[in-house]
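The following paragraphs lead the reader through one protein model, beginning at its surface and then turning to single residues and the whole chain.

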Amino acid sequence: MSKFHLEKTTKSKKYSYYTLLAVAALVGSVASGVTSAAGPLKGTSLILGDQEGHKNTAQATYKDQVSTAIGFDNVAINNGTSIGYNNNSNTSAVAIGHDNIAHNSGTAIGNDSIAIGGISIGSKAKTGISNISISPTHPNKYFTAPNSIALGNEASSMSGTAIGYKSQSNEYGLAIGEKLRLFMVEMLLVILQELNALNFH
């Protein structure tokens, strides 16, 4: 048997071993969600990446919920999904990256972003209003903004869409950050010039 063939065989066994471990972890987590009929029905919690001093927390209150925490120091509650480091997701929300908070079906991707019912993507992007100093883990301390989108660093939206650096949107409006606004104005001028040229020929 050649050295190449031996290394290739060893690698495939290694991958198979890791695949088996992943399947065992998933099956084990599903089995851990089953409780006795006398107690309250609990959902499924999946935790990957725990390390001493950096524990993840995943809680599912009802049997049809799945809470997932992958990485370190994450919290995922009631269908929450937290992936990365120090994220907090609650009530069908997703937080990916680090130091994000997502509640009430919100999605926060990036770092230090907050999504309360809306979609926040970037660094310090925010949708909805939160009072983090009162309680970072209780969604009733928030104003949910399900129709809001904040894309860009430090963008914020209460309702509507904010696109670009430090853009802000309220009352279902569209806010575009300064650099993107200048680009769009330039593009609009080019289109108008083209249309104008077509009309005269």
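On the surface, I83, I96, I109, I119, I121 and L151 make a nonpolar patch of about 390 Å². Patches are made of residues with over 30% relative accessible area and no salt bridge, with like charges joined within 9 Å and nonpolar side chains (Val, Leu, Ile, Met, Phe, Trp, Tyr) within 5 Å; a salt bridge is a side-chain nitrogen of Lys or Arg within 4 Å of a carboxyl oxygen of Asp or Glu. Accessible areas come from the Shrake-Rupley method with a 1.4 Å probe, and for residues only the protein chains shown count as cover.

The model is predicted: local features need pLDDT of at least 70 and side-chain atom pairs count only at pLDDT 80 or more, while totals for chains, interfaces and linings use all residues. Residues are numbered from 1 along each chain as its sequence is written, and side-chain values use heavy atoms, leaving out hydrogens and water.

One of the patch residues, I121, lies in strand β11, residues 119-123. Its relative accessible area is 35%, so I121 is partly exposed (buried is under 20%, exposed over 50%, partly exposed in between; 1.4 Å probe, protein chains only).

I149 belongs to strand β15, residues 148-151, and counts as partly exposed because its relative accessibility is 29%. Beyond its neighbours within four places in sequence, I149 is in contact (heavy atoms within 4.5 Å) with I119, T127, S157, G160, T161 and A162.

Across the protein there are 2 helices and 19 strands, which are DSSP runs numbered from the N terminus (helices H or I, at least four residues; strands E, at least two). Of the 201 residues, 30% are buried.
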